[in-house]
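Work through the following exercises with the sequence and the structure side by side, and try each task before reading its solution.

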Amino acid sequence: QVQLVESGGGSVQAGGSLRLSCAASGYTASMYCMGWFRQAPGKERERVATIYTGQTGIGNNSGHYGDSVKGRFTISQHSAKNTLYLQMDALKPEDTAMYYCAAGPVCYMTWHNYDYWGQGTQVTVSS
C-alpha cells in the first residue's frame, strides 16, 4: 500500500520561506514520478513541481516547475529516506493553497494522472 504523508505547512508573511516534506512508503522509488500540486479555494488543482525519483541518485534535486513558481520553489528528493521536499522561497499571497504530494508512473502535468495522494498541508501567505 503506497502511502504519502505531507508536513511542513503553516502561515508565513509575504517574502518568507517554508519547507514542505512528503514521506513516502510502499513503492519502488526508482520507478515513480513524485510531485507537488496545490489547490486554492475555487481553483483547479495545479502542478507546482515534479521529479522522477532516483533521477540523479541520492540527493537528486532536479525537476520541472509550474510557471508561477519557477525560480522561487525547489523540489528535491532524498532517496535513502524516501522523502520528497519542496523548498518555497519568496512566498507570495497567491501561493496560499492546500499543497498535496502525489506519485505515479509518469510525470504528467495534470493532477488527474497520478495514482496516489497525500492528505495535504495548508500554506497561508499573508501580505
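**Exercise 1.** Does W117 count as buried, partly exposed or exposed, and what is its relative accessibility?

Solution. The model is a predicted one, and the value is computed from its atoms. W117 has a relative accessibility of 24%. Buried would require under 20% and exposed over 50%, so W117 counts as partly exposed.

**Exercise 2.** Find the aromatic pair that Y100 and W117 form, classify its geometry, and explain which parts of the chain the pair ties together.

Solution. Begin with the rings: the centres of Y100 and W117 are 6.3 Å apart, and their planes make an angle of 80 degrees. Since planes over 60 degrees apart count as edge-to-face, this pair is edge-to-face. Next, place the two residues in the secondary structure: Y100 belongs to strand β9 (residues 97-104) and W117 to strand β10 (residues 116-117), so the pair ties together parts that are 17 residues apart in sequence. Finally, consider accessibility: Y100, at 14%, counts as buried, whereas W117, at 24%, is partly exposed.

**Exercise 3.** Extend the picture around W117: which residues do ring pairs link into a cluster, and which arginine lies over the face of W117?

Solution. W117 also forms an edge-to-face pair with W111, with 6.3 Å from centre to centre and 70 degrees between the planes. W111 is itself partly exposed, at a relative accessible area of 26%. Ring pairs link W111 and W117 with F37, Y100 and Y114 into a cluster, and the count of aromatic pairs in the model comes to 5. The arginine is R45, which lies over the face of W117 at 4.8 Å from the ring centre. A further contact of this kind is made by R19, whose charged end sits over the ring of Y85, 4.1 Å from its centre.

**Exercise 4.** Give the strand order of the open sheet of 4 strands, and explain why β1 and β7 each have one side without a neighbour.

Solution. The order is β1-β3-β8-β7, and the pairing is antiparallel. β1 (3-7) and β7 (73-78) stand at the edges with a single partner strand each, so one side of each is left without a neighbour in the sheet. Neighbouring strands are turned against each other by 15 degrees on average, direction ignored. For β1, the antiparallel pairing with strand β3 (residues 18-25) runs over 5 bridges, and S7 stands opposite S21 in β3.

Notes
Residues numbered from 1 in each chain as written. Predicted model: local features only at pLDDT ≥ 70, side-chain atom pairs only at ≥ 80, totals over all residues. Heavy atoms only, no water. Phe/Tyr/Trp six-rings, centres within 6.5 Å; stacked < 30°, edge-to-face > 60°. Buried < 20%, exposed > 50% of the residue type's maximum accessible area, 1.4 Å probe, protein only. Lys NZ or Arg CZ within 6 Å of the ring centre and 35° of its normal. Pairing = 2+ DSSP bridges. Axes fitted to C-alpha atoms, helices over the stretch in contact; angles between N-to-C directions.
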